[in-house]
Amino acid sequence: MRQRYGTKLSASRQQRVARIGVVTVAALAATVTIVLAGRDGVVDALLATPWWAAAGAVMLGAISMVAEGAVLAIIAGDPRPRMVLRMTRAYVAGNFVGAVTPYAIGGAPTWLWALTREKVPVEKAAALVVARSAVAAMFFTGMTLTAALVLPGIPGLPQAAAFIVVLPCMAVLLMIVITRSPTRSGVSVARLLSWLGEQSGLEWLGKAADAAPAYIGRFAQTFAELGRRPGSMIGALIVFAVSRFSQLAAIPLLFASAGATTSGTLLTGLVAVWVISSITPAPSGEGVAQAAIVTVFGPLVGSQSAAAAALGWRACVYYPMFLAGTVLFARLVRSPDVG
């Protein structure tokens with residue numbers, strides 16, 4: 001079952017996606033780095049960053065990665081270290097694809113695939129991905145509403161609400177409908193897949209239609225079990241917030257190491273950076289995130305310090321996760337058994 005549903009795409013195609021993704025993000029990162037580093041004094045400010053600040057930022061990035069795995073493990077009801085490790089591997093591998101697709105839309109299906117490669121049954125993997133989307137939607141709703149209150153002039157905020165809040169909530173509502181009527185939903189999905197198979201001539205869609213009712217039934221049962229554990233969802237939300245704030249905490253750490261202060265505007269600035277980075281379709285927010293830091297914090301700490309912090313933040317927090325995702329994604333593609 002895992003092999004059937006986990007790797008519909010050929011290994012060669014998956015590897016091609018990985019290569020294209022690495023080249024795309026690397027090209028964007030190189031371009032942005034050259035532009036920012038070309039400003040007077042930025043390279044000197046970056047080289048003057050103390051080792052402990054860089055190490056601390058890397059550690060915060062690592063905490064963020066593990067916390068994301070812990071979110072999935074908590075939702076699954078098994079937060080033991082071994083399970084957290086498996087979930088972290090799946091999350092980081094899926095995040096790699098999300099990072100190279102607009103608005104990270106490739107993340108969810110790849111997380112599903114990665115979880116099945118980690119020996120999680122496909123129906124449970126689907127329930128975990130949907131439940132995580134619910135947790136993310138709750139957190140993003142809070143952040144987006146906060147941004148709307150304290151930063152009402154951010155362009156594109158309505159689009160951010162649509163992509164970050166509305167769409168995940170609609171997906172969760174759909175899952176609730178499926179949970180309440182699994183038999184009817186299974187028949188409807190089977191009919192849809194069968195029709196798609198007839199129209200496209202793809203034989204595997206017909207086979208998927210035959211198996212759909214049984215899988216929908218098991219998915220509904222698993223998702224219903226998750227819904228009966230609200231404590232796990234609350235715990236997952238708290239850990240999810242830890243992951244996101246760990247990423248953002250590296251920014252003031254880098255500022256502080258350079259002797260720059262941001263006074264009471266720090267939290268508002270971090271919210272602005274997060275929202276601006278989230279509403280862009282650019283892969284991983286590359287370029288936009290750095291520009292947001294320079295724009296928001298430049299008037300407070302100086303453009304040189306802001307540009308240096310932007311480069312250091314991406315180098316210490318995001319690029320290690322992206323490189324780890326590249327390695328883990330390739331590992332999952334090539335390895336017949338992972339666990």
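Which helix gives the most to the lining of the second largest pocket? Hold that thought, everyone, and let me set the scene.

This is a predicted model, where local features need pLDDT of at least 70, side-chain atom pairs count only at pLDDT 80 or more, and totals for chains, interfaces and linings use all residues. Residues are numbered from 1 along each chain as its sequence is written, and side-chain values use heavy atoms, with hydrogens and water left out.

So, the overall picture. The chain has 14 helices and zero strands; helices here are DSSP runs of H or I with at least four residues, strands are runs of E with at least two, and both are numbered from the N terminus. Of the 339 residues in the chain, 48% are buried, where buried means under 20% relative accessible area, exposed means over 50%, and partly exposed is in between, with a 1.4 Å probe and protein chains only.

Now back to the pocket. The answer is H10, which gives four residues to the lining of the second largest pocket. Helix H7 (122–150), helix H8 (157–180) and helix H10 (203–227) each supply at least two lining residues. If you want to click through them, the lining consists of Ala131, Ala134, Val172, Ile176, Thr179, Phe223, Ala224, Leu226, Gly227 and Met233. By type, that is eight nonpolar, two polar and no charged residues, counting Ala, Val, Leu, Ile, Met, Phe, Trp, Tyr, Cys and Pro as nonpolar, Asp, Glu, Lys and Arg as charged, and the others, Gly among them, as polar. The volume of this pocket is about 200 Å³.

A word on how that was found. On a 1 Å grid over the protein atoms alone, a pocket is an open set of points where a 1.4 Å probe fits, with protein on both sides within 12 Å along at least five of seven lines, and lining residues have an atom within 4 Å of a point. Grid points are joined across faces, edges and corners, and the volume is the space filled by probe spheres set on the points.

While we are on H10, please look at Thr222, which sits in that helix. At 15% relative accessibility, Thr222 counts as buried. Its C-alpha atom is 9.7 Å from that of Ala76, although the two residues are 146 residues apart along the chain.

Next, the aromatics. How many aromatic pairs does a search of the whole structure find? It finds nine, with rings of Phe, Tyr and Trp (its six-membered ring) pairing if their centres lie within 6.5 Å; planes under 30 degrees apart count as stacked, over 60 as edge-to-face and the rest as tilted. One of them is Phe96 with Phe322, a tilted pair at 5.3 Å centre to centre and 50 degrees between the planes. Phe96 lies in helix H5 (residues 81–99) and Phe322 in helix H14 (residues 303–334), so this pair ties together parts that are 226 residues apart in sequence. Phe96 counts as buried at 0% relative accessibility, and Phe322 counts as buried at 10%.

Another pair is Phe139 with Trp274, edge-to-face at 6.3 Å centre to centre, with 85 degrees between the planes. Phe139 lies in helix H7 and Trp274 in helix H12 (residues 266–278), so here the parts tied together are 135 residues apart in sequence. Both Phe139 and Trp274 are buried.

There is also an aromatic cluster, made of Phe96, Trp113, Phe322 and Phe329. Trp113 is one of the buried residues of H6. Helix H6 (residues 107–117) is mostly covered, with eight of its 11 residues buried. After H6 comes Lys119, in the loop between H6 and H7; Lys119 has a positive phi of about 70 degrees although it is not a glycine.

One more stop in H14: Ala324 is found there, and at 27% relative accessibility it counts as partly exposed. The C-alpha atoms of Ala324 and Ala93 are separated by 7.7 Å, with their positions 231 residues apart along the chain.

Let me finish with H13. At 1.5 Å a residue, its 14 residues (288–301) should span 20 Å, and the end C-alpha atoms are 19 Å apart, which agrees; the expected span is 1.5 Å times one less than the number of residues. H13 bends by about 30 degrees at Thr295, and Pro299 follows within four residues, the bend being the angle between axes fitted to the seven residues ending there and the seven starting there. Among the buried residues of H13 are Ile293, Val294 and Phe297. Gly302 follows the helix, with a positive phi near 100 degrees.
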